[in-house]
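Have the model open in a viewer as you read. We will go from one residue to its surroundings, then on to the core and the rings.

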Amino acid sequence: MSATIPDLTPQPRPLLTAAIPQAGGMFKAVPEDFEVEELPAYLPSGEGTHLYLWVEKEGRDTMEVVRELAKATGVPEKEIGYAGLKDRHARTRQYLSVPASAEAALEAFGCSGVRVLSRTLHTNKLRSGHLRGNRFTLVVRDVKDVGALEAAFDQLVAVGLPNAFGDQRFGRHGDNALMGWKLLMGERLPRRPDRFQRKLFLSALQSELFNRMLAERLRSGELARALPGDVLRKEDSGGLFVSGDPLVDQPRVEAFEVSPTGPIFGPKMRAPSHAVAERERALLETVGLTPGHFQRGRGETEGTRRPYRVQVADAGIEKLSAADLRLTFSLPSGSYATELLRELL
């Protein structure tokens with residue numbers, strides 16, 4: 001007998017900045033108003049068997065460029081490295097890596113909207129996650145209340161940006177998380193997913209569950225508060241520990257030395273304790289899951305902790321006109337600039 005199918009469509013998320021009047025305004029996801037530059041975890045050394053390409057692109061997503069590189073060089077797609085996936089609706093700069101033996105074949109590489117700005121050797125292939133974050137330059141136009149936007153931006157810089165997964169993670173029809181649930185429950189999908197789709201669906205399920213716990217913290221005013229049993233993350237090292245005394249840990253939260261984290265469910269996830277553990281267990285119960293279900297995802301649902309908020313660094317606002325503003329800021333890898341815009345606009 002099949003389990004009752006839960007509603008796993010993305011739920012509306014509260015705003016941290018809800019008390020500030022709406023600023024109004026418009027953001028167009030077009031290259032001239034949306035620039036993203038990767039902040040690499042390390043720079044290529046200048047020697048080695050892999051060639052790092054510093055690439056600027058417009059109107060192309062990262063995987064399109066990877067496929068074009070593979071076609072031009074004869075290198076299998078799996079041998080081409082990248083640290084993060086970048087959207088097509090922006091002007092973006094990022095590193096890609098190819099085997100150094102393919103350098104001569106790069107002369108045949110021609111892809112509209114893509115420029116190779118530099119080439120440098122390095123010892124290893126670039127892998128997913130090999131970046132510190134991303135630097136954004138965004139233009140918002142026709143802002144109705146500039147003061148409100150500035151106040152909301154200041155609050156996000158002071159408290160942190162709610163680290164939600166953006167809507168694009170859940171698919172055009174918002175059903176990716178449900179597909180992940182069905183995989184864990186052993187139910188048949190309309191079409192057998194390939195390896196990429198399977199990983200996408202399972203990740204979407206983990207992401208939606210995280211977003212629901214984050215929404216609960218926002219509604220209760222506990223985004224930047226240490227609770228008994230919270231798993232806290234050290235901002236400098238990424239190390240995790242369970243809060244035994246929130247009175248001791250709260251000043252560290254306020255100083256952005258540590259941040260509360262939420263669940264990316266899986267067997268390797270660091271477990272909280274006390275009431276925090278009960279909240280996470282109750283969330284799983286509402287969708288008919290237990291921690292054991294995530295073992296069925298094998299290496300695709302190992303589990304981890306994700307900070308409930310991230311620091312908005314290197315932040316600045318420039319007035320281009322009375323109603324048009326240019327925002328600059330950096331976010332850690334895996335965080336969404338669209339979530340910052342949602343808070344502001």
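Does Lys 86 count as buried or exposed? The model is predicted, and in it Lys 86 counts as buried, because its relative accessibility is 9% and the cut-off for buried is under 20%. The residue lies in the loop between β3 (81-82) and β4 (91-99). Its side chain has polar partners. One is the side chain of Glu 38, in a polar contact of 3.0 Å. Another is the side chain of Asn 134, joined to Lys 86 by a polar contact of 3.2 Å. Beyond residues up to four places away in sequence, Lys 86 also touches Lys 57, Arg 60, Asp 61 and Leu 131, among others.

Follow that last contact. Leu 131 is placed in strand β6. Leu 131 is buried too, with a relative accessible area of 9%. Its contacts outside the four-place window include Glu 38, Leu 39, Pro 40 and Ala 41. Ala 83, Gly 84 and Ser 333 are also among them. Glu 38 thus recurs: Lys 86 touches it, and Leu 131 is in contact with it. For a sense of scale, take Leu 131 and Ala 323. They are 192 residues apart in sequence, and their C-alpha atoms are 34 Å apart in space.

Now turn to the nonpolar interior. The largest nonpolar core has 59 residues. Leu 209, Leu 289 and Phe 329 have the most contacts inside it. Strands β1 (34-40), β6 (131-140) and β14 (325-332) each give two or more residues to this core. So do the helices α2 (146-159), α3 (176-185), α4 (195-219), α6 (274-286) and α7 (337-344). Helix α4 gives the most, with nine residues. Leu 289 shows how the packing is made up. Leaving out residues up to four places away in sequence, it touches Trp 181, Met 185, Leu 205, Leu 209, Leu 284 and Phe 294. A second, separate core has 16 residues, including Val 65, Ile 80, Ala 102 and Leu 106.

Helix α4 deserves its own look. It is mostly covered, with 18 of its 25 residues buried. How does its length compare with the expected span? At 1.5 Å a residue, its 25 residues should span 36 Å, and the end C-alpha atoms are 36 Å apart, so the two agree. Asp 194 caps the N-terminal end: a side-chain oxygen lies 3.1 Å from the backbone nitrogen of Phe 196. Just after the helix, Gly 221 takes a positive phi of about 70 degrees.

The rings come next. The count comes to 10 aromatic pairs. Phe 210 and Tyr 308 form a stacked one, at 5.5 Å centre to centre with 25 degrees between the planes. This pair links distant parts of the chain, 98 residues apart. Phe 210 is in helix α4, while Tyr 308 is in the loop between β11 (304-307) and β12 (309-310). Both residues are buried. Phe 210 also has a charged neighbour: Arg 306 lies over its face, at 5.5 Å from the ring centre. Elsewhere, ring pairs link Phe 27, Phe 34, Phe 136, Phe 153 and Phe 329 into a cluster. Phe 329 was named above for its contacts in the largest core.

Another ring with an arginine over its face is Phe 256, where Arg 309 sits at 3.7 Å from the ring centre. Phe 256 is found in the loop between α5 (246-254) and β10 (258-264). It is buried, with a relative accessible area of 9%. Its backbone is worth checking. Most residues other than glycine have a negative phi. Phe 256 has a positive phi of about 65 degrees although it is not a glycine. Arg 298 has a positive phi as well, near 50 degrees. Arg 298 is found in the loop between α6 and β11. Is Arg 298 buried or exposed? At 57% relative accessibility, it counts as exposed.

End at the segment before β1, where Ala 23 lies. Ala 23 is buried, with a relative accessible area of 1%. Outside the four-place window, it touches Val 143, Lys 144, Asp 145, Ala 148, Leu 149 and Leu 344. Ala 23 and Phe 256 are 233 residues apart along the chain, and their C-alpha atoms are separated by 27 Å.

Note on methods. Residues are numbered from 1 along each chain as its sequence is written. This is a predicted model: local features need pLDDT of at least 70, side-chain atom pairs count only at pLDDT 80 or more; totals for chains, interfaces and linings use all residues. Side-chain values use heavy atoms; hydrogens and water are left out. A nonpolar core is a set of buried Ala, Val, Leu, Ile, Met, Phe, Trp, Tyr and Cys residues joined through side-chain atoms within 4.5 Å. Buried means under 20% relative accessible area, exposed over 50%, partly exposed in between (1.4 Å probe, protein chains only). Helices (H or I, at least four residues) and strands (E, at least two) are DSSP runs, numbered from the N terminus. Contact means heavy atoms within 4.5 Å. Rings of Phe, Tyr and Trp (its six-membered ring) pair if their centres lie within 6.5 Å; planes under 30 degrees apart count as stacked, over 60 as edge-to-face and the rest as tilted. A charge sits over a ring if NZ of Lys or CZ of Arg is within 6 Å of the ring centre and within 35 degrees of the ring normal. The expected span of a helix is 1.5 Å times one less than its number of residues. A polar contact is a pair of N or O atoms within 3.5 Å; within protein, one must be able to donate a hydrogen and the other to accept it, and residues adjacent in sequence count only if both atoms are side-chain atoms.
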